[in-house]
Amino acid sequence: PGVKPGTAVLDAAQAGPADSGITVEQFKQDYRNKVERMYGDGLERVSDLDKYNALVSLVRDYLAEPWLNTKEKYRRTGAKQVYYFSIEFLLGRLLGSNLYNLGLNEVCQQALSELGLDLRTLRQVEEDPGLGNGGLGRLAACYLDSMASLGLPGHGMGMRYRYGLFEQRIVDGYQREYADDWLMDGFYWDVRKPAEAVEVRFGGNVRIKSNGKTQYIHEGYETVLAVPYDVPVVGYRNGMVNTLRLWSAEARLSEVVCAPQGGSDCQKAVEYSQTVEELSNILYPDDSTYEGKALRLKQQYFLVSAGLQSIIRNYRENNGHLREFPHKIAIHINDTHPVLCIPELLRILLDEEQLTWEEAWNITVQTMSYTNHTILPEALETWPEDLFRTVLPRLYLIVRDINEYYCRSLWEAYPGDWDRISRMAIISYNRIHMAHLAIVGCHSVNGVAELHTDILKNKIMKEFCDFSPAKFNNKTNGVTQRRWVSLCNPALAQLITDTIGPRWVEHPQELAQLERHSADTAFQHHLLKVKLQNKVALAKYVKEKHGITLDVNSIFDSQVKRIHAYKRQTLNVLHIMALYNRLKENPLLDIEPHTFIFGGKAAVNYHIAKNTIKLINSLADLVNNDKSIRDKIKVVFLENYNVSLAELIIPATDVSEQIPTASYEASGTGNMKFMMNGAVTIGTLDGANIEIKQAVGEDNIIVFGLTAEEVLAYYRGGGYNPWEVYQDNERLRQVVDQLINGFFPAAGDLFRGHFDSLLHQGDHFFVLKDFASYEAAHQVLDERYKDRPVWLKMCSANIAHSGRFSSDRTFAEYATDIWHIRPDTLPFSASEKQIR
Ligand code: H2P
């Protein structure tokens, strides 16, 4: 409801040559025809939604041929295909990116404008698809863009959630969760493929039949129909269109017999269909109950089983025996959610293809690879053995066998070392450890930044790494410069192209050429103008949506990401409180005016994170309404952070807050997006921040706080004493006390949980410990900002050295090192590259 984040429109020059083969005249004609055929009405009489839908439908028509050609070509060349399984794909709006990648943006903009329409307005009609939540899902979406743009035969496998995660609304400062009804007006990008639906089986029992060869007969199961919806993934001006396949759970009601006496049984059938559809209703259903856990497990199996069945069906149509499978197919497991791919592929190979265990196991391991995205214990999924056996009885037996074989090999390597074996087992203490299963069943295990991979290898997964070191490798994350610069910040993209030419869009490492211009006054002047223009756009949105007036000449300082204790939004808040206190003491204090921007969702059951949102909003109320500080600082929490909002915030930001407790943030990807848009990072030495520092040099980033090594050393020693820090630092003591002493007049005891966790529960995330150095880092930042040429040089250096953080680089590494595929071997001919 209400105001939706806007969209930038590319400048004509930046859109590059019109290589689509479609003229403005033709586009206009096609578009008029499309509207008339779809709605039986003229362009002048249909709504914006109709206009948007017709435009999507037209773009789909244009990309149909390259989509078909790409599939044909894969068939013809027999190229090895990669399938990226992920529980999330945080796509963002697709109209802009598809037009851009098709090379149609300029033509479309011109055609619409000649028809009296505005592309920007129509792009805003699009709902953000509710298919993801945080960095994990957005990374998967960046990878889809890079795979297609690099010409790699790589596809996504995901879920089509009816209601996404949730829509966040802020009511009286609190997060409230509403169903994200993103499909309400339809989703015109995907194609439903009912003929390719497959059945997924749950529950029942397994009968073992032994006449010479042991057979496993699965009986008494419940069947759910998995219906695929295919979304085209358009490569950047290369004629390639890959596929993201999204699965939806349905019941085949036509096969449920209604009793002749009618009535109630039909009612039951409808109710049954609702329980079936529940499987694909929501991303990360609440798992605090047994039923919730079962639903999550079923959802994961649903994705995996449907995805693998369709891959194998497709493989069979084009290939011979499944022994060749790993030479033709690579399956990538994004985090632990799709780890069931391993036992499910084994099940198919053993029970349906009748391969021997050894054959089936070798094929599986050679096919599968796994990325770990976090070391947080709660995210390394485990399932109660009983639940697993009940929901997936055949897979349970397979996992038990894998565990037995594996433990036997461990026993051979470490005879008598029961402790080690039980720590490394897949099943131990009645739980099934999905990360262990992933390590055992994949030929490659990678972390997402150098430090993260080191921590996996030397701490979290050390024993596994000692046992099979060759599996472990690092692939530092990346983001696509096409969405995260060209599309969201067209003015900056234009400036870059004017300065170094257009090749950076496909060869982001060429951004390094900007370094030569970073001290150039004219370049700096333009950069400043671009930033200001983006700040004005964000300020306009904030005014319309939240009624808050922002000072576009202040420093825009943003922390936008999931709300989590380790990401330390609380540290940011405490620092703002201290700054506010200083201003109250001395209203003439000479500080740069600041706008502190927050955004992000807290998980539904994560109470302290939800209270952090309330804390930020309480602070915003206090600060924004206090005339005595003369607007020196403002605080805003932007509701319902999503990709579209990020596209508005990131280009407008001066300072990028990347302040997790060192060792916890596996990589971060927001840090890369901000950097590409010329923001300066204030951050801890964690995740990819370390590599950003290496890339930009220490003068162009502001680091503070404990290192990962120091944090881990404290943990080994049993933590630290926050009381000492609290006693020693008066400003800190003041803000910590203010959490509970009535400073937030209406809050009562609301923030006692924060207070206690900082002082009485050992401050697990070192907020107090890092406070002084964070405050000092902010002071350095202010100093640098005051000297505008120095600051702008820092901004330019960040853009210039962001090429390494392109997902094109990351994906080329995955392709070569893990999947052993090369960019499409037979490039499309010039005529094939045209869309018509
Ligand atoms: C996670 C990690 C990030 C990482 C991202 C992608 C799970 O994302 O925490 O450090 O960059 O995966 O690898 P997030 O916290 O944003 O949900």
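A pocket here is an open set of grid points with protein on both sides within 12 Å along at least five of seven lines, and its lining residues have an atom within 4 Å of a point. With that in hand, here are four close-ups of this predicted model.

**View 1. The second largest pocket and its lining.** Let us start with the open space: the second largest pocket has a volume of about 640 Å³. Its lining comprises 28 residues, and R75, Q81, Y83, N314 and N318 are the ones nearest the centre. Two helices, α2 (48–77) and α8 (290–318), and three strands, β1 (81–85), β2 (154–159) and β10 (241–250), each bring at least two residues to this lining. The top contributor is α8, with 7 residues. Sorted by class, the lining of this pocket has 11 polar, 9 charged and 8 nonpolar residues.

**View 2. The largest cavity.** Now for the enclosed spaces: the structure holds 4 cavities of 30 Å³ or more. The largest cavity has a volume of about 250 Å³. It is lined by 19 residues, with L94, S97, A141, D145 and R483 closest to its centre. Look for helices α3 (95–102), α6 (135–149) and α18 (481–487) and strand β9 (222–234), each of which supplies at least two residues of the lining. Here the lining divides into 11 nonpolar, 4 polar and 4 charged residues.

**View 3. Helix α2 against helix α3.** Both helices have appeared above, α2 at the second largest pocket and α3 at the largest cavity; here they are seen together. Their axes cross at roughly 35° and come within 11 Å. The crossing is left-handed. On the α2 side, Y52, L55, V59 and L63 make the contact, and they meet L95, N98, L99 and L102 of α3. This contact between α2 and α3 has 7 nonpolar residues, 1 polar residue and no charged ones.

**View 4. Helix α19 against helix α20.** Our last stop is a helix pair formed by α19 (residues 490–500) and α20 (residues 521–546), which pack at an angle of about 165° with their axes 9 Å apart. Angles over 145 degrees count as roughly antiparallel, and α19 and α20 are therefore roughly antiparallel to each other. The crossing of α19 past α20 is right-handed. From α19, the residues in contact are A491, L492, L495 and T499, while α20 offers F523, H526, L527, V530 and Q533. By class, the contact of α19 with α20 has 6 nonpolar and 3 polar residues, and no charged ones.

How values were computed:
Residues numbered from 1 in each chain as written. Predicted model: local features only at pLDDT ≥ 70, side-chain atom pairs only at ≥ 80, totals over all residues. Heavy atoms only, no water. Axes fitted to C-alpha atoms, helices over the stretch in contact; angles between N-to-C directions. Helix = DSSP H or I, 4+ residues; strand = E, 2+ residues; numbered from the N terminus. Parallel < 35°, antiparallel > 145°, perpendicular 65-115°, else oblique. Left-handed = near helix turned anticlockwise from the far one by under 90°. Contact = heavy atoms within 4.5 Å. Nonpolar A, V, L, I, M, F, W, Y, C, P; charged D, E, K, R; others polar. 1 Å grid on protein atoms, 1.4 Å probe; cavity = no way out; pocket = protein on both sides within 12 Å on 5 of 7 lines; lining within 4 Å. Points joined across faces, edges and corners; volume = space filled by probe spheres on them.
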